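Welcome, and thanks for taking a look at this one with us. Please have the sequence and the 3D view open while you read the briefing below.

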Amino acid sequence: MTFSDLSQTVVVFDLDDTLYSEADYVRSGIQFLGRHIESLLGVDLGPQVSAALAGSEKDWLARLCASAALPSAAKESLLWMYRLHSPTIRLTPECSRMLDELEARAKCVAVLTDGRALTQRLKLQSLGLARLPAYVSEDYQSEKPDALRFRVIEKDHPADRYVYIGDNPRKDFIACNALGWTSIGVRAPSTIHSQDLTGLPPSALPNHWINEWQELLDLLC
């Protein structure tokens, strides 16, 4: 494949643990809530926040409530604050360069992600990617592996070829494989969801695996 082919190619990315590390989002949310509660109530939640960041506190939201003498019902409010905070997350320089290259060459670059509409768009905004067309599951009441949003992309952006890049082999590639898209899996040192392929059928596996973004450009160009 050459860059001339990319002019008729739509390249679509998953978001969490594909374009950035979802663990960074979790850390951002925990730190945000800790700071916010401390500023409102004047309590020191440093040890509780540290425990949550270390993963040693299973129900860290409940612990924050208890430590700040908040009623247990406040946990739901804190959860929504977590979901609606503007996260401190960023793309790696390599990822930014890759996206710039593809946006300059491909017919369209888009994002197809599962999650809440506002939460996912806040992530995209923080990453500097609000400009990209985003197909978020809550907007369509459809989550992967359902093919609905993949078909919507085909309708919105007619092209000769479609590529989907994701990280979760248990749901990311089933629909796009069935539709004849090129599927590419991103291997990461740590992801929220397992990348264990044990027991998965061939129809769930990506056509290619990559370890770094230059490999994606090598595959598409």
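How exposed is leucine 84, going by its relative accessible area? Leucine 84 is partly exposed, at a relative accessible area of 41%. Please keep in mind that this is a predicted model. The points below start from that leucine, then move on to salt bridges, a helix with a buried side, backbone details and the cysteines.

**The surface patch**

- Leucine 84 sits in the loop that runs between α5 (74–83) and α6 (93–105).
- Together with Trp80 and Leu118, Leu84 makes a nonpolar surface patch of about 300 Å².

**Salt bridges**

- Searching the whole structure turns up twelve salt bridges, and a few of them are worth a visit.
- Lysine 123 pairs with aspartate 16, and their closest N and O atoms are 2.9 Å apart. This pair links distant parts of the chain, since lysine 123 belongs to helix α7 (residues 117–126) and aspartate 16 to the loop between β1 and α2, 107 residues apart.
- Both partners of that pair are buried: lysine 123 has 3% relative accessibility, and aspartate 16 has a relative accessible area of 11%. Each value falls under the 20% cut-off for a buried residue.
- Aspartate 59 and lysine 75 form another salt bridge, again with the closest N and O atoms 2.9 Å apart. Because aspartate 59 lies in the loop between α3 and α4 while lysine 75 is in helix α5, the pair ties together parts that are 16 residues apart in sequence.
- Here the partners are partly exposed, with aspartate 59 at a relative accessible area of 34% and lysine 75 at 30% relative accessibility.
- Within helix α6, the side chains of arginine 105 and glutamate 101 meet in a salt bridge of 3.9 Å, N to O. These two residues are four apart in α6, so about one helical turn separates them. In an α-helix there are 3.6 residues a turn, so residues three or four places apart point the same way.
- Arginine 105 is partly exposed, with a relative accessible area of 38%, and glutamate 101 is also partly exposed, at 30% relative accessibility.
- There is a network too: Asp14, Lys144 and Asp172 are joined by salt bridges that share partners.

**Helix α4 and its buried side**

- In helix α4 (residues 60–67), the buried residues are Trp60, Leu61, Leu64 and Cys65. They span an arc of only 145° around the axis, so they are on the same side of α4.
- Among the elements that cover these buried residues are α2, α3 (46–54) and α5.
- Just past the end of α4, alanine 69 has a positive phi of about 60°.

**Backbone details in the loops**

- What joins lysine 144 and proline 145? A cis peptide bond, with omega about 15°. Proline 145 is found in the loop between α8 (137–140) and α9 (148–156).
- Glutamine 141 is placed in the loop between α8 and α9. Its phi is near 50°, a positive value in a residue other than glycine. At 70% relative accessibility, glutamine 141 counts as exposed.
- Aspartate 17 also has a positive phi, about 65°, although it is not a glycine. This aspartate lies in the loop between β1 (9–13) and α2 (22–41).
- Is aspartate 17 buried or exposed? Aspartate 17 counts as buried, at 5% relative accessibility.

**Cysteines without a disulfide**

- How many disulfides are there? The count comes to zero.
- Cysteine 95 is in no disulfide, and the nearest cysteine sulfur, which belongs to cysteine 221, is 15 Å away. A disulfide needs two cysteine sulfur atoms within 2.5 Å, so a separation of 15 Å rules out a bond between cysteine 95 and cysteine 221.
- Seen from the other end, cysteine 221 is in no disulfide either, with the sulfur of cysteine 95 as the nearest cysteine sulfur.
- As for their surroundings, cysteine 95 is buried, with a relative accessible area of 0%, whereas cysteine 221 counts as partly exposed at 26% relative accessibility.

Conventions. Residues numbered from 1 in each chain as written. Predicted model: local features only at pLDDT ≥ 70, side-chain atom pairs only at ≥ 80, totals over all residues. Heavy atoms only, no water. Buried < 20%, exposed > 50% of the residue type's maximum accessible area, 1.4 Å probe, protein only. Patch = residues over 30% accessible without salt bridge, like charges linked within 9 Å, V, L, I, M, F, W, Y side chains within 5 Å. Areas by Shrake-Rupley, 256 points an atom, 1.4 Å probe, with all protein chains shown as cover. Salt bridge = Lys/Arg side-chain N within 4 Å of Asp/Glu carboxyl O. Arc of directions from axis to C-beta. Contact = heavy atoms within 4.5 Å.
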